[in-house]
Every structure is written in C-alpha cells, then in structure tokens.
Amino acid sequence: MILNYKYGDILCATIQVDFKKKIVQVQNFVEDVFYHPFGIAKNPSFEDFKEFLEERCFPRTNYHAKYYLKQLGLDFYDPLDIVRKTNGKVYGDKFWIEFVEDYGTEVLHE
C-alpha cells in the first residue's frame, strides 16, 4: 500500500506499507517535523502506522461512534477502513491522506 500524506495541496510524505511483513517506510518531503506523519521517527514501526491511522479518525470511544460508522457504511471500528472512507480528514486541520496504491484487503481491527 502506498499513501501520500498531504497538507492541503502540499505533499508532505509518502508512506509505503507491507502488511504481510509489517514494514513501514516513509519519505518526508518537507523539513518541518510538524508536517511529518510520524514526527521525528525516521523508521516508524507497524504499530506507529496503526496509531497514525487512528489519529486520523474520530475517537473509538466517541459517544456517537456507532452512528458515524453507520454513516460511513462500516460495521465496526477499523482505522484503515475509516481513513479509506474519509481520506483521513479531521475537523480542524488541513492534513489528509491520498491512497496511491490500495489493495483493499487489509484490515487492522483485532
């Protein structure tokens, strides 16, 4: 899977994820770590990637989570599926995620 992490129209980083091997690679294109998806981490772990996705979603403990999931056409809280539907857009900031290559089979819920 390949994702572009953007701030408005600015490409901040490209993230490559191998779900089978649980390997994450990131290439940052801006110097300011505020615009890096993993902050100062240059070699993020698969767990870092999962946390990154969840940060781009509404909280799983949100009182209206079931309603939001229904609106998105989802049966359960899975950050990857939510980000696929919302492009990782979060109210109050201009960051978002563009799916460049998405194999569509990975699920992160446990």
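Tutor: Let's start with a term: a helix here is a DSSP run of H or I with at least four residues, and helices are numbered from the N terminus. The structure above is a predicted model, and in it D81 has its place in helix α3.

Student: Is D81 buried or exposed?

Tutor: A residue is called buried when its relative accessible area is under 20%, and exposed when that area is over 50%. The relative accessible area of D81 is 17%, so D81 is buried.

Student: Which elements do the buried residues of α3 pack against?

Tutor: Begin with the residues themselves: P79, L80, D81, I82 and V83 are the buried residues of α3. Following their contacts outward leads to three partners, namely α1, α2 and β4.

Student: How many Å apart in space are D81 and L69, C-alpha to C-alpha?

Tutor: D81 belongs to helix α3. Along the sequence, D81 and L69 are 12 residues apart. In space, their C-alpha atoms are separated by 10.0 Å.

Student: Let's look at the core. Which residues have the most contacts inside the largest nonpolar core?

Tutor: In soluble globular proteins, nonpolar side chains tend to be buried together. The largest nonpolar core in this model has 27 residues. Those with the most contacts inside this core are I15, V17, F49, F52 and I97.

Student: Which elements each supply at least two residues of this core?

Tutor: Both strands and helices contribute, so it helps to sort them by kind. The helices that each supply at least two residues are α1 (46-55), α2 (65-72) and α3 (79-86). The strands that do so are β1 (2-7), β2 (10-18), β3 (23-28) and β4 (95-101).

Student: Which residues does V17 touch, not counting those up to four places away in sequence?

Tutor: V17 is one of the residues with the most contacts inside the largest nonpolar core. Leaving out residues up to four places away in sequence, V17 touches M1, I23, V24, F46 and F49.

Student: Now for the pocket. Which elements give two or more residues to the lining of the largest pocket?

Tutor: The largest pocket holds about 160 Å³ of space. Its lining is made by R56, C57, F58, Y68, L72, I82, T86, K89, V90 and Y91. The elements giving two or more residues to that lining are α2 and α3.

Student: How many nonpolar residues does the lining of the largest pocket have?

Tutor: Sorting the lining by class gives one polar and two charged residues. The nonpolar residues in the lining number seven.

Student: Why does K22 count as exposed?

Tutor: K22 lies in the loop between β2 and β3. K22 also has a positive phi of about 55 degrees, although it is not a glycine. K22 counts as exposed because its relative accessibility is 53%.

Student: Where is the place of N87?

Tutor: N87 is a residue other than glycine with a positive phi near 55 degrees. N87 counts as partly exposed because its relative accessibility is 27%. N87 comes just after α3, and its place is in the loop between α3 and β4.

Student: How many disulfides does a search of the whole structure find?

Tutor: A disulfide needs two cysteine sulfur atoms within 2.5 Å. The search of the whole structure comes back with a count of zero.

Student: How many Å away from C12 is the nearest cysteine sulfur?

Tutor: C12 is in no disulfide, and it counts as buried because its relative accessibility is 0%. The nearest cysteine sulfur belongs to C57, at a distance of 18 Å.

Student: Which residues does D102 touch, not counting those up to four places away in sequence?

Tutor: D102 is placed in the segment after β4. With 32% relative accessibility, D102 counts as partly exposed. Apart from residues up to four places away in sequence, D102 touches M1 and R84.

Student: One more: is F34 buried or exposed?

Tutor: F34 is found in the loop between β3 and α1. The cut-off for being exposed is a relative accessible area over 50%. The relative accessible area of F34 is 53%, so F34 is exposed.

Conventions. Residues numbered from 1 in each chain as written. Predicted model: local features only at pLDDT ≥ 70, side-chain atom pairs only at ≥ 80, totals over all residues. Heavy atoms only, no water. Core = buried A, V, L, I, M, F, W, Y, C linked by side-chain atoms within 4.5 Å. Buried < 20%, exposed > 50% of the residue type's maximum accessible area, 1.4 Å probe, protein only. Contact = heavy atoms within 4.5 Å. 1 Å grid on protein atoms, 1.4 Å probe; cavity = no way out; pocket = protein on both sides within 12 Å on 5 of 7 lines; lining within 4 Å. Points joined across faces, edges and corners; volume = space filled by probe spheres on them. Nonpolar A, V, L, I, M, F, W, Y, C, P; charged D, E, K, R; others polar.
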